[in-house]
Amino acid sequence: MSYSNAQPKRAVAAESARPFRVHTQRNLDRIDALRGLSEDRRFAMKVVSTVLPFRVNDYVIEELIDWDRVPDDPIFQLVFPQQGMLSERHFDRIADLLRAEAAPATLDAAVREIRAELNPHPAGQLESNLPKLDGERPLEGLQHKYRETVLFFPSQGQTCHAYCSFCFRWAQFVGDKSLRIASNEASGLHAYLRQHSQVTDLLITGGDPMVMKTRHLEAYLEPLLRPEFDHVQSIRIGTKALTFWPQRFVGDADSDQLMALLERLVAHGKHVALMAHTNHWRELETDTAREAIARLRATGAEIRSQGPLLAHINDDPEVWTRMWRTQVRLGIIPYYMFVQRDTGAQHYFEVPLVRAWEIYREAIQGVSGLARTARGPSMSAGPGKIEIQGVTEVAGERVFVLRFLQGRNPDWVNRPFFARFDPKATWLDDLVPAFGEDRFFFTDEYLTRWPSAQAARIESVHAPEPALPEASGL
Ligand SMILES: *Cc1c(COP(=O)(O)O)cnc(C)c1O
């Protein structure tokens with residue numbers, strides 16, 4: 001392994017010629033690399049991917065996964081379905097239906113029911129009050145939760161080059177159109193930004209916006225160079241393409257055009273940041289990934305990294321220390337360590353909050369100040385991004401010390417608050433205020449000012465279950 005930033009042109013040229021070929025649940029049987037796995041393991045993959053989305057491409061299979069270390073290989077766990085990702089009850093139900101070659105309608109009904117139980121809309125994902133234009137027309141594909149930053153979900157970016165097995169937006173990838181949040185309306189985005197001069201940051205997200213053709217990205221971003229958008233200082237693009245398809249920045253037909261677009265935005269004074277989703281240092285080791293990073297940085301864009309802490313993938317301080325060190329060496333700025341959200345396969349990937357804090361602390365202690373720009377572990381919850389600052393004792397009570405990194409009300413940010421220590425807690429919902437108090441300092445205001453955020457969440461948890469056909473035998 002070398003940390004060199006030099007560009008091995010020949011390897012990259014060969015990689016650029018690789019066609020983009022994806023595999024999904026339908027052709028699991030045709031993935032050569034899986035032939036060496038047991039029949040049981042392959043059947044389990046089929047069962048799990050009947051419920052949760054699955055998509056992988058040849059680059060991930062051939063360049064990132066160490067097949068000698070399967071099933072423990074972290075990248076294998078990151079993309080391939082594993083039995084434990086479904087509860088035993090859910091797994092057995094689907095396994096029985098597949099073995100019995102149940103009618104498609106019966107299988108679909110069971111799948112829909114299970115998905116509805118997996119909290120498909122975690123807090124803040126879908127809210128009943130969309131941002132409105134002229135205070136009237138609701139805007140699809142826009143989310144405006146924090147004063148200074150608007151999230152935009154372009155409709156051409158509604159997939160990824162591969163799927164993460166722990167994705168918190170998994171629901172939009174399973175084919176149910178009502179779960180999608182997307183807009184193909186560049187004009188709506190621009191009108192909204194024009195009307196909201198407090199917005200300094202635009203964050204393009206998805207899916208992965210980097211699956212879009214450059215000409216679509218241009219349609220959204222180029223107009224922001226006009227003086228009327230001077231208040232939009234920063235353009236962030238959330239992506240996992242550096243991991244799943246770095247060819248996007250190197251050899252794809254329109255990657256030169258993409259670099260030119262980023263250069264233009266930078267030259268006009270915008271701060272352009274690729275928010276790279278990374279979970280393991282291994283993702284950054286290939287020649288193509290290194291070349292992509294070098295090319296992106298040459299445009300003047302910054303690359304910041306963020307990603308969740310996950311059992312089976314990176315619940316080890318050494319993995320984070322090495323990842324953050326590698327990133328600093330490559331010019332990537334560590335940004336967030338997230339806590340895995342309360343959705344989908346959470347029970348498989350979850351790490352207790354106390355352990356998350358220990359891992360963060362040990363990892364941070366192992367790096368220099370340049371990598372301590374990574375904040376966390378942070379929960380993106382309804383009221384805001386809440387960081388676990390540590391565990392300590394106050395007035396004889398063991399407590400979590402918490403703070404908002406980002407809040408519905410900006411005034412909540414950076415006020416320390418306390419929750420009763422609970423070694424098993426994995427999410428904000430598990431925490432109760434310390435010192436016998438019955439609510440956190442923000443609770444009343446949150447419930448009063450943002451009731452729709454609550455409603456969206458409650459509806460998704462208690463979604464009516466679709467009726468099963470009479471004779472399903474379940
Ligand atoms: C994280 C996040 C942002 C950006 O917050 P920063 O603290 O500026 O990184 C904006 N909107 C939503 C909904 C977010 O989750």
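How far apart should the end C-alpha atoms of the 12-residue helix α11 (residues 287-298) be at 1.5 Å a residue, and how far apart are they? That's where these close-ups of a predicted model start.

**View 1. Helix α11, end to end.** The expected span is 16 Å, and the end C-alpha atoms sit 16 Å apart, so the two agree. Quite a few side chains here are tucked away: the buried residues of α11 are T288, A289, R290, E291, A292, I293, A294 and L296. Just past the helix, G300 takes a positive phi of about 95°.

**View 2. R282 and D73, a salt bridge between distant parts of the chain.** The structure holds 24 salt bridges, and in this one the closest N and O atoms are 2.8 Å apart. R282 sits in the loop between β9 (271-277) and α11, while D73 belongs to the loop between α3 (58-64) and α4 (74-79). That puts the partners 209 residues apart in the chain. Both R282 and D73 are buried.

**View 3. D96 and R99, a salt bridge within helix α5.** Here the N to O distance is 3.4 Å. The two residues are three apart in α5 (residues 88-99), about one turn of the helix. An α-helix has 3.6 residues a turn, so residues three or four places apart point the same way. D96 has 45% relative accessibility, so it counts as partly exposed. R99 comes in at 55%, so it counts as exposed.

**View 4. D254 with R248, and a charged network elsewhere.** The salt bridge between D254 and R248 has its closest N and O atoms 3.2 Å apart. Both of these residues are buried. For the network, look at R18, E62 and E63, which are linked by salt bridges.

**View 5. A negative surface patch.** Its members are D315, D316, E318 and E362. D315 is found in the loop between β10 (302-309) and α12 (317-330). Is D315 buried or partly exposed? Its relative accessible area is 35%, so it's partly exposed.

**View 6. A191 in helix α7.** This helix runs over residues 186-195. With a relative accessibility of 15%, A191 falls under the 20% cut-off and therefore counts as buried. Which distances separate A191 from D134, in sequence and in space? They're 57 residues apart along the sequence and 9.0 Å apart in space, C-alpha to C-alpha.

Terms used. Residues numbered from 1 in each chain as written. Predicted model: local features only at pLDDT ≥ 70, side-chain atom pairs only at ≥ 80, totals over all residues. Heavy atoms only, no water. Patch = residues over 30% accessible without salt bridge, like charges linked within 9 Å, V, L, I, M, F, W, Y side chains within 5 Å. Areas by Shrake-Rupley, 256 points an atom, 1.4 Å probe, with all protein chains shown as cover. Salt bridge = Lys/Arg side-chain N within 4 Å of Asp/Glu carboxyl O. Lys, Arg positive; Asp, Glu negative; His and termini not counted. Charge placed at Lys NZ, Arg CZ, Asp CG, Glu CD. Helix = DSSP H or I, 4+ residues; strand = E, 2+ residues; numbered from the N terminus. Buried < 20%, exposed > 50% of the residue type's maximum accessible area, 1.4 Å probe, protein only. Expected span 1.5 Å × (residues − 1).
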